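Let's take a walk through this model, stopping at a handful of spots worth a closer look. Keep the viewer open as you read.

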Amino acid sequence: MLLLLLTKSVAQVDTSQVLPAVLVTDLRVKELSYTQLQLKQDSVQLLISPGVNMADWLQQTSNANVRQFAPGSAASYSTRGTSSEQSSIHWSGIPINSAATGIADLSLIPATLFSPVFTVGGNAAFFGSGAIGGTVNLADQSAIGDGFHVGISQQVASFNTFKTGLQLTYARLKWKSKSTVYAESSQNNYAYINQYKIPEREETRANAAYNQWHVKQLVGYKINKHQSAEIEAWYNQAYRESPTSILVNKPSNAVLRDRNLRTRALWQLDNNRNLVQASYAYLHEWQTFEDPDLPTPSGGTTHDTNITTNHVAQINYQYKISEKLKWQNGGQAQFSKVSGSNRVGNLHTESLRTGLALNTKNMHAQALVRLEVWDGELLPISPFLGLRYTFFRNFNASVNGSYVYRTPTLNQLYWVPGGNINLKPENGYTGEFALYYSAQKNRQNIFVRAALYASALNEYIQWVPGANSIWSPQNVKQVEIYGLDVNATYAIQVKQWYVALRGALSLNHAETVKSEKQNDQSVGNQVLYQPKLKTTSGFTIGFEKWYVNANYRFIGEVQTAYDGSGNSLDPYGVLDLSLSKTIGFKKGETTFIAAFNNITNQAYETVPYFPMPGRNFSITFKINI
Amino acid sequence: MMKKISIIALCAAAMFACKKAENPVPQVNPSGDVFITNEGLFQSGSGALSLYSTNVNQIENDVYMDKNNVPLGNVLQSAALSGDNIYLVINNSQEVVVANASTLLHKAVISGFQSPRYMLPISANTAYVSDWISNSIKVVDLNSNTIVNSVGVGQGPETMLEKDGKVYVANSGGFGKDSTVFVIDASSNTVAQQIVVGINPAFLAEDANGKLWVLCAGFSDWQNPANDIAGSLYQIDPATNSVVQHFDFPSTSNHPARLATNNAQTTLYYLSSGYGGDVYKMNISDTTLPSAKFIGGTFYALGVHPQTDEIFTSNPLDYNQRGTVYRYTSSASLQDSAKAGIIPGNFVFK
């Protein structure tokens, strides 16, 4: 069983999996799986994981690079040389990147709430704006067994960190329900060496405390043999102190507060020829930044509020023309509105996509086009072409290419002062060629994949100073990207023994090749915060439900200065170890996990002058009944 | 900064990455006659010191970092020379770093500020530091490198000027408005008088007649430009501490900045805007503000070399990358330009 689970940790020939009848996966994720790499949360890793958020999961397991000021603070990610706004996050198919900022905060997404799938590569034809570097698809797809079940987890960790989770599931006849409550808090008062002082000194991170909690409810109903429906609501609230650079000697009193309400309803029809998914979602995000030490010109202190609402209606339709040929279609309409201290505005987008997918024994081919009207303006047609061919037993080659784009955010359009309603979408082309080998034999599983990719992106948006010192976003840059991703896993299970090895290598060159700005020194240099090298590696050894697990990640030098010669983040490597034991009993099982993070006490930063924690520990207890 | 990296990672780094070499410590002292303070990005450590030589038209960047292998700090606002030392005012780091002005080797840190902006040595042993957020002038003992006194002033004290034992402090308004110049008796460290001038005075200069000039930025409300107030230029007689004359800038969008004089103190120079302005030139006997710019550009900093009368300006470009410093003759002929650090903000002439 474990072996089976592991095979789903990387791209597979087909991502179809046995889902409970009324739990629906986003159809597009499955459609894409034939020709693009998809990383999934490894079930073994999930079982023995001490509990992480999406920022940690992507940093530990993917080719993406995550930036954050401290654990728990706002986190953004980028992959394959693209910016944070150029990667999108979808919740059961609904885009949840903030319409105001263009970014989804990964720290506010506990990975334990979902079964995330990370699709690497451009796929705007499927997912629309922002799907340039990659797409994270969040879905609650864990199995719900018949009857009533309870899952409880509790973690105690360094720096006064506590994580508590409670999950109740109920399934009977046509009904399924999953209720989840999750809470997390930390003082985050970790020690670090301030290497920028003479002499060096040990200091304690101040004003980095945070807490967040989530409530999520999913209800599914199987209408009949072919139809099902589900509704889901997810509310979370967070309080996060905003630490300062360690070059600043004064503690900060700034605070970031978030409240997010996300609701969706979905109906699915699945008969022999037709597969239809129709959904509607309402998303409400509320965020304030308060700094009592920062007065405003009009009096008082800084209290910046951002309220964004989104209505999203979506339909995916797949028609089986024959066993080998499928007609894939979809459409989406979205209305977004922002109001806040410095901006008021709204926009609407409508899109349609249609294409064909051909699946034979040795070949999978996809051709798709997307039409999008952005606030009344027809954008260029976005095509996607993908082909995978099995040319010798388990050896495969795949190639795909697409036109990609990212429409401006509400902040970029309507911020006062400086918002620019004349901005054009960022756009360009991206493609990849991959070779991979995948085999399951004699209780062994092996997967090796190497992908060469390239992108040419235009109209990069950047805030630049204008008249009277008012900054305004402009379309200014062209960026060219190329690189290599290699992913490999090997697992074997012999009697009570289980061994898994995994590794990934990412080489990335992302260069600004042209700029509309005068004397732009970024031309010819690596795009900021894009490491040229990232590797992840690890192993899991299990025996009679004892597991030793190790993960190591190495991030190469990261440029933080436009001219390529100034400030940069030094390379670093972080090693995490854990030991766990699962004990089964009559109606369930319990798991104990002891985790030792950053065991070599590596000093590192993902944002300059914001140190991350050194060696730290956690103890986790889980019980499932 | 050495990091612990495993053997595997080191191999990988050697194969694929270009780890920057640790900065070697130059054995030769940097030479030049113009220090340039580069603010750097807010919240970053890219505040840096450059040194320009007018003799050989050369600039050395990051001279403090090269010598000490640590960043200066966050927002290098300004610098001052006193004795053998250069005092580097690090605004957001809330400290003043003391280094030898010749070797640039670190000597000490003066802490206890909230938002230091400018330093004015008033004797071999004492200096004043304007502390913007605390609305005070900190009195610093240059022997012990400690704050020994504090004098409350108006909102957002910015530049200072010493004359006849009195220190004039321009209160720039901080996050709001002020319209006063405070006069401090340097012998007692007490406020002797307040002079009302235009809205948000920030820069001071003395002319050949012993009169003081005060450049007031006016008020800028980005969210509601209807609230904008134009800048102004005031002349003060220090003998009576009264306003002699003043000039109002014509448009509410005029927010001038920086103020410097030539060596003879007969000519004033200022920028038409604090963020990307032209250089304007005005004789101290003029009865109106100049209508034509003297040097066109998008300048951020302004200084006049006390020996050559050459005019130094800077263009911070997009405030993210290295800015350019320009050197003009007193007749506005461009002599040289060079890349400095990020946001070159002030010049200090040896």
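## A starting point in chain A

Where is A111(A) found? A111(A) sits in the loop between β5 (94-95) and β6 (117-120) of chain A. Bear in mind from the outset that we are looking at a predicted model.

Is A111(A) buried or exposed? Its relative accessibility is 0%, so A111(A) counts as buried. Pull up A55(A) as well: the two residues are 56 apart along the chain, and their C-alpha atoms are separated by 8.6 Å.

## Buried charged pairs

Now for the charges. Side chains of opposite charge can pair when their charged atoms come close. Over all chains, the count of salt bridges comes to 22. Take D258(A) and R240(A), whose side chains meet in a salt bridge with an N to O distance of 2.8 Å. D258(A) belongs to strand β15 (residues 255-270) of chain A and R240(A) to strand β14 (residues 227-241) of chain A, so this pair ties together parts that are 18 residues apart in sequence. Both partners are tucked away: D258(A) counts as buried because its relative accessibility is 5%, under the 20% cut-off, and R240(A) is buried with a relative accessible area of 3%.

E372(A) and R370(A) make another salt bridge, at 3.4 Å from N to O. Here E372(A) is buried, at 6% relative accessible area, and R370(A) is buried too, at 4%.

## A partly exposed pair, and a network

K424(A) and E459(A) also form a salt bridge, and the closest N and O atoms are 3.4 Å apart. This one links distant parts of the chain: K424(A) lies in the loop between α6 (410-414) and β24 (426-441) of chain A, while E459(A) lies in strand β25 (residues 444-465) of chain A, 35 residues away. How much of this pair is open to the outside? K424(A) counts as partly exposed, with 44% relative accessibility, and E459(A) counts as partly exposed as well, at 22%.

Salt bridges can also join up into something bigger than a pair. In chain A, a network of them links R80(A), E432(A), R449(A) and D485(A).

## A four-stranded sheet in chain B

Over to chain B. Which order do the strands of its open four-stranded sheet follow? The order is β12-β13-β14-β15 (chain B), and the pairing is antiparallel. At the edges stand β12 (157-163) and β15 (190-196) of chain B; each has a single partner strand, so one side of each is left without a neighbour in the sheet. From one strand to the next, the twist averages 25 degrees.

Being at an edge of the sheet doesn't leave β12(B) out in the open: six of its seven residues are buried, so β12(B) is largely enclosed by the rest of the structure.

## The hairpin up close

Strands of a sheet pair through backbone hydrogen bonds, either parallel or antiparallel. In this sheet, β12(B) and strand β13 (residues 166-171) of chain B pair in the antiparallel sense over five bridges. Want to check the register? M160(B) has V169(B) as its bridge partner in β13(B), and K163(B) has K166(B).

β12(B) and β13(B) form a hairpin with two residues between them. One residue in the turn, D164(B), has a positive phi of about 55 degrees.

## Backbone oddities

Which residue in the loop between β14 (180-185) and β15 of chain B deserves a look? That would be N189(B), which has a positive phi of about 55 degrees although it is not a glycine. Chain A has a case as well: F159(A), again not a glycine, has a positive phi of about 65 degrees. F159(A) is placed in the loop between β8 (147-157) and β9 (161-172) of chain A.

Chain A also has cis peptide bonds. One runs from I198(A) to P199(A), with omega near -5 degrees, and P199(A) is found in the loop between β11 (191-194) and β12 (201-204) of chain A. Another runs from V416(A) to P417(A), with omega near 5 degrees. P417(A) has its place in the loop between α6 and β24 of chain A, and K424(A) from the salt bridge with E459(A) lies in that loop too.

Conventions
Residues are numbered from 1 along each chain as its sequence is written. Chains are lettered from A and ligands numbered from 1 in the order in which they are written. This is a predicted model: local features need pLDDT of at least 70, side-chain atom pairs count only at pLDDT 80 or more; totals for chains, interfaces and linings use all residues. Side-chain values use heavy atoms; hydrogens and water are left out. A salt bridge is a side-chain nitrogen of Lys or Arg within 4 Å of a carboxyl oxygen of Asp or Glu. Buried means under 20% relative accessible area, exposed over 50%, partly exposed in between (1.4 Å probe, protein chains only). Two strands pair if DSSP finds at least two bridges between them. Axes are lines fitted to C-alpha atoms, for helices over the stretch in contact, and angles run from 0 to 180 degrees between N-to-C directions.
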